[in-house]
Amino acid sequence: MPFSSLQVDHDRGPRALSRVLIIAPHGSYRTGPFIQAARQQGAEVLIASQGKHSIVSEYARGLQINFSDEDQALQTIVTAAQERPFSGIIGTDDSATVLAARAAEQLGLPHNPPQAVQIAARKDMARRCLSQSKVRIPDFRVLDIRRSLPEQLDGVVFPCVVKPVALSASRGVIRVNDTQQLSAAVERIKAILAAESQLPADAGQTLLLEQFISGQEVAVEGMLYDGELDILALFDKPDPMDGPFFEETYYITPSRLSVDIQLAIRDEVQAACHAYGLREGPVHAECRINADGVWILEVAARTIGGLCGRLLTYGTGRQLEEVVLAHAQGRRVTVNQQDGAAGVLMIPIPGAGVLKRVEGLLAAQQIPGVEEVNIQIRDGYELIPLPEGGSYLGFIFARGESSEEVERALRKAHACLNIVIGPLWKVLV
Ligand code: ADP
């Protein structure tokens, strides 16, 4: 569907007769906000997932698909659309975006070329693709975990980052400063991959080894309309991220970088989208900036993770999921940047074990500027830090006049928290 003919939706009133399919892995943080936004727009929602026995009714009532059998999953979706058509299809996470693109293509709904989405979801393919363009990326090589490691390291210059090619949320991403650290990291990642039953076989055997890029990191949230990138928000990540693991912590918008650098970031992300062949829908990118310029670490064809999408509501007055839902149905909503600043702290998991309790919540909530302290993991549940874990302990949201003020509020609120962790006893039978 060409977006030049997009209807610009100035009002936010309910729309009749729309039925949206949301393809999501079970337990995705993004599903809830999409369901809520669709309901606000008066749209009916159907979830496609692997949640037959889910206690969440939207999953249990939805389409049951198997992500590791994409052709069969596609057939299930097409059959459902023949019974009652969808007005738009959204893939929430990297594991769902290719299927969503294929289904939307088959049903004549707005979509990216499935191959472009596939490239964006696979770090090895993405690097190969960008190395043929002018986009600045780290030197890299692809490792085969079945082959001897030393044979594959000819000419490697440390420090490096080694990572799986198809996981997300920094799982298995490890900085290594020498060959010994690299061997240990590869063994650790192998164990993570062995426990991932949904990965395609080749993704479970392939690692990416790339040059460590120092510098300041930013995240970009954007929308593509007919190949043109519209930046919704640029987030500074004010804490140094030097490894060995790369936990996400602070995201603060608007960025305090100069306008020139912000424009260079936009151009670089746009060029990466173009190289992949992405043309439509949400884009989430991570970049590093240093004296050499802007480096692309990753460009994904999906929205930001966790509950962080809500920062966009503070920044633009529009809910991110509302913008994405409208796009999936061939509409473009106008987004205007608001005054003020907003930020989130993805609360770091301080250690492994069982979460006993989080103390100091009330004090954190009372810090001026703090909007919400949201603990996601319940007392008694296991905490798994990076590089193995992929969940967030919780989120602190803040708003203020300036990015500095927001950062201060988040840091103060974090300092109020005492995360009490007990040992984990596993019963071996
Ligand atoms: P994921 O998709 O799992 O989040 P990424 O490749 O985006 O994995 O890496 C996660 C984080 O690890 C990045 O945001 C960055 O902080 C760090 N990182 C990854 N690759 C590099 C690199 N080549 N140089 C420096 N830091 C890196």
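## Domain contact, cavities and local geometry

Domain 2 and domain 3 bury about 540 Å² between them, with 57% of that area on carbon and sulfur atoms. The structure is a predicted model. Ala-169, Arg-171 and Arg-188 account for 64% of the area that domain 2 buries against domain 3, more than any other three residues. The size of an interface is often given as the accessible area lost when the parts come together.

The domain assignment of the protein places domain 1 at 19–110, domain 2 at 139–211 and domain 3 at 341–429. The centres of domain 2 and domain 3, taken over C-alpha atoms, are separated by 29 Å. Seven residues from domain 2 and six residues from domain 3 take part in their contact.

**Salt bridges**

Side chains of opposite charge can pair when their charged atoms come close. Between domain 2 and domain 3 the count is one salt bridge. Arg-188, one of the three residues named above for their share of the buried area, forms a salt bridge with Glu-388, and the closest N and O atoms of this pair are 2.8 Å apart.

Over the whole structure, the search finds 28 salt bridges. Among them is the one in which the side chains of Asp-71 and Arg-102 meet, at 2.8 Å from N to O. Because Asp-71 lies in helix H3 (residues 70–83) and Arg-102 in helix H4, this pair ties together parts that are 31 residues apart in sequence.

**Cavities**

Rolling a probe the size of a water molecule over the atoms shows where empty space is left. A search of the whole structure finds three cavities of 30 Å³ or more. The largest and the second largest are set out below.

| Cavity | Volume | Nonpolar lining residues | Polar lining residues | Charged lining residues |
|---|---|---|---|---|
| Largest | about 230 Å³ | 11 | six | one |
| Second largest | about 110 Å³ | nine | three | two |

The largest cavity has a volume of about 230 Å³. It is lined by 18 residues, of which Ile-89, Gly-91, Asn-112, Glu-280 and Pro-282 are the closest to its centre. Strand E5 (88–91), helix H4 (94–106), strand E13 (281–290) and helix H10 (320–328) are the elements that each give two or more residues to this lining. H4 supplies the largest share, four residues. Helix H4 is also the element that holds Arg-102, the partner of Asp-71.

The second largest cavity has a volume of about 110 Å³. Its lining comprises 14 residues, and those closest to its centre are Ala-169, Glu-247, Leu-386, Ser-391 and Tyr-392. Ala-169 thus appears in this lining and also among the residues that supply the area domain 2 buries against domain 3.

**Backbone geometry**

Ala-169 is notable in its backbone as well. Its phi is near 60 degrees, a positive value in a residue other than glycine. Ala-169 lies in the loop between E7 and strand E8 (174–176).

Two cis peptide bonds precede proline residues. The bond from Phe-158 to Pro-159 is cis, with omega near 0 degrees, and Pro-159 is found in the loop between strand E6 (140–144) and strand E7 (160–164). Thr-253 and Pro-254 are likewise joined by a cis peptide bond, for which omega is about 5 degrees. Pro-254 lies in the loop between strand E12 (250–253) and helix H8 (259–276).

Technical notes: Residues are numbered from 1 along each chain as its sequence is written. This is a predicted model: local features need pLDDT of at least 70, side-chain atom pairs count only at pLDDT 80 or more; totals for chains, interfaces and linings use all residues. Side-chain values use heavy atoms; hydrogens and water are left out. On a 1 Å grid over the protein atoms alone, a cavity is a set of points where a 1.4 Å probe fits but cannot get out, and a pocket is an open set with protein on both sides within 12 Å along at least five of seven lines; lining residues have an atom within 4 Å of a point. Grid points are joined across faces, edges and corners, and a volume is the space filled by probe spheres set on the points. Ala, Val, Leu, Ile, Met, Phe, Trp, Tyr, Cys and Pro count as nonpolar, Asp, Glu, Lys and Arg as charged, and the others, Gly among them, as polar. Domain bounds come from an automatic or database domain assignment. Contact means heavy atoms within 4.5 Å. Buried area is the accessible area (1.4 Å probe) that two parts lose on being put together, summed over both. A salt bridge is a side-chain nitrogen of Lys or Arg within 4 Å of a carboxyl oxygen of Asp or Glu.
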